[in-house]
Amino acid sequence: MNRNLMISDIHGHLNAFEQLLEKVDFQPASDQLILLGDYIDRGPSSKETIEFVMDLQANGTIALRGNHDDWFLQWLQDPSQVSPNFLLNGGIETIQSYIGELGDDYSVEAQAEWASYIRDNYPTHVDFLKELPLYYEHEELICVHAGIDPLQANWKNTSKENFLWIRKEFHNSVIDSDKTIIFGHTPTKGLQAHAHVYFDNNKIGIDGGYTFGYQLNCLIYERNEFTEVAVTKEEVEDSMTRQLFPRK
């Protein structure tokens with residue numbers, strides 16, 4: 001493989017994801033694409049994003065689990081055991097992408113019907129979510145969704161919760177690792193003054209906060225060097241406008 005391309009936190013924004021892959025000239029035959037999770041919630045095309053990622057995965061892409069993907073899987077299995085925060089943090093948009101408008105009834109009974117419909121009609125999506133791994137280890141890189149537990153002598157003993165949810169304990173710690181840790185989950189604008197890729201010794205954060213109005217980042221690792229490419233919200237919206245109203 002010539003390049004390792006790493007993208008995280010797509011959050012149902014399929015148009016942005018597709019434009020970013022086009023901008024980096026993604027070549028499946030020679031590039032290794034590594035996705036760090038959170039394919040769903042908040043954006044308008046969660047179902048379609050999962051389908052697209054499944055197709056990519058079938059052709060060699062490595063897809064990891066994010067906290068939102070795990071949240072959705074838990075909700076599909078039993079909505080009564082999942083916090084209402086799932087719905088408030090993009091879950092409604094994800095469910096709508098499968099079912100359409102939901103109406104005004106968000107009772108546990110209604111949610112159970114929606115979950116049953118999705119399980120029955122999209123079993124391959126459920127299987128995809130169940131099988132997503134928590135990390136990927138490369139010769140020089142460790143890729144995770146949120147981070148690793150700095151208190152663990154062996155980072156692989158990090159709990160599932162920390163792989164998916166950890167923030168400050170990881171960001172603020174010196175990590176003893178000879179491999180660079182690539183993570184998403186926390187928008188880089190919360191770690192620095194801008195939304196570009198965040199570089200901090202042997203930790204690199206790549207979540208550009210696209211779903212919050214910033215940008216979708218791609219970190220490129222090639223010949224022992226890191227570079228980055230991004231699409232901004234404005235770029236994507238401008239491109240979509242040109243498609244709807246082409247200049248004559």
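How many nonpolar, polar and charged residues are in the lining of the largest pocket?

1. The model is a predicted one, in which local features need pLDDT of at least 70 and side-chain atom pairs count only at pLDDT 80 or more, while totals for chains, interfaces and linings use all residues. Residues are numbered from 1 along each chain as its sequence is written, and side-chain values use heavy atoms, with hydrogens and water left out.

2. The largest pocket (an open set of points on a 1 Å grid over the protein atoms alone, with protein on both sides within 12 Å along at least five of seven lines) has a volume of about 150 Å³, a volume being the space filled by probe spheres set on the points. Its lining comprises 15 residues, and the closest to the pocket centre are Arg42, Asn67, His68, Arg167 and His185, where lining residues have an atom within 4 Å of a point.

3. By class, that lining has 4 nonpolar, 6 polar and 5 charged residues, with Asp, Glu, Lys and Arg counted as charged, Ala, Val, Leu, Ile, Met, Phe, Trp, Tyr, Cys and Pro as nonpolar, and the others, Gly among them, as polar. Helix α3 (residues 67-77) gives the most to the lining, with 3 residues; helices are DSSP runs of H or I with at least four residues, numbered from the N terminus.

4. Helix α2 (residues 46-58) packs with helix α6 (residues 123-131) at an angle of about 65 degrees, their axes being 11 Å apart, and the two are therefore roughly perpendicular to each other (65 to 115 degrees). In this contact (heavy atoms within 4.5 Å), Lys47, Ile50, Glu51, Val53, Met54 and Gln57 of α2 meet Thr124, His125, Phe128 and Leu129 of α6, and the residues divide into 5 nonpolar, 3 polar and 2 charged.

5. With helix α4 (residues 85-99), the axis of α2 crosses at roughly 80 degrees and the axes come within 7 Å, so α2 and α4 are likewise roughly perpendicular to each other. Here Ser46, Lys47, Glu48 and Ile50 in α2 meet Thr94, Ser97 and Tyr98 in α4.

Definitions and conventions
1 Å grid on protein atoms, 1.4 Å probe; cavity = no way out; pocket = protein on both sides within 12 Å on 5 of 7 lines; lining within 4 Å. Axes fitted to C-alpha atoms, helices over the stretch in contact; angles between N-to-C directions. Parallel < 35°, antiparallel > 145°, perpendicular 65-115°, else oblique.
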